[in-house]
Amino acid sequence: MKYREFITELGQGKIASAYLFEGKEDYLKKEALKRLKEKIILPDYEDFNYEKFSGADISVGQIIESASTLPLKEKWRMVVVEEMDKLSQRDQKILADYLNNPVKTTCIVCLVEKLDKRKKLYRSFLKKGKIVSFYSLWNGEITDWIKKRLEKEKKRISPQALFYLKERV
């Protein structure tokens, strides 16, 4: 699934219990993560229902424990794991086992630049979650993205300025 498809599903209220955000476009990953968080986590309960980890300095046990915790006064709890590919192979297998039977009230989001498609973890995301690819936008997608971003900010742009901005991106 691409970024735009993810945003469409999110707008329709379709939330998966597990997402793998993969690709090199970090800005779009952060924007998608922010939108997902705004959709499922109320600001008043963010301290209780939202946790963010780095795979470089966390054990899989802490991730599973956090993902197994029930949300407080909300439908969802969100657990984000950045640099998930830095987990050891053993820890990735344990996380894959969790994904085969995830807690239904937790949305776990793992961010990587690239994950080997032959690995059990990738296959678990494919089977039980959603894989969202974040790569550079094409020309038409860039124009649409700029327009929607400006509409969201309640700004307007002339066609010439839009063309110039697109060429600079």
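**Reading a buried arginine and a one-faced helix**

Analyst: Let's start with Arg77, which is buried, with a relative accessible area of 3%. Keep in mind that this is a predicted model.

User: What counts as buried here, and where in the fold is Arg77 found?

Analyst: The cut-off is under 20% relative accessible area, so Arg77 at 3% qualifies. Arg77 is found in strand S3, residues 77-82.

User: Which side chain makes a polar contact with that of Arg77?

Analyst: Glu51, and the contact is 2.2 Å. There's also a backbone partner: a polar atom of the Arg77 side chain lies 2.8 Å from the backbone oxygen of Ser66. Leaving aside neighbours within four places in sequence, the residues in contact with Arg77 include Ile41, Phe48, Tyr50, Leu70, Pro71 and Cys107.

User: Now helices. How do I read which way the residues point?

Analyst: An α-helix has 3.6 residues a turn, so residues three or four places apart point the same way. Take H5, residues 89-100: its 12 residues should span 16 Å at 1.5 Å a residue, and its end C-alpha atoms are 17 Å apart, which agrees.

User: Which residues of H5 are buried?

Analyst: Asp91, Gln92, Leu95, Ala96, Tyr98 and Leu99. Seen down the axis of H5, the buried residues fall within an arc of 155°, so they line one face of the helix. On the other side, Arg90 and Lys93 are exposed.

User: What do the buried residues of H5 pack against?

Analyst: Two strands, S1 (18-22) and S4 (106-112), plus helices H4 (60-68) and H6 (120-128).

Technical notes: Residues are numbered from 1 along each chain as its sequence is written. This is a predicted model: local features need pLDDT of at least 70, side-chain atom pairs count only at pLDDT 80 or more; totals for chains, interfaces and linings use all residues. Side-chain values use heavy atoms; hydrogens and water are left out. Helices (H or I, at least four residues) and strands (E, at least two) are DSSP runs, numbered from the N terminus. Buried means under 20% relative accessible area, exposed over 50%, partly exposed in between (1.4 Å probe, protein chains only). A polar contact is a pair of N or O atoms within 3.5 Å; within protein, one must be able to donate a hydrogen and the other to accept it, and residues adjacent in sequence count only if both atoms are side-chain atoms. Contact means heavy atoms within 4.5 Å. The expected span of a helix is 1.5 Å times one less than its number of residues. The arc is that of the directions from the helix axis to the C-beta atoms.
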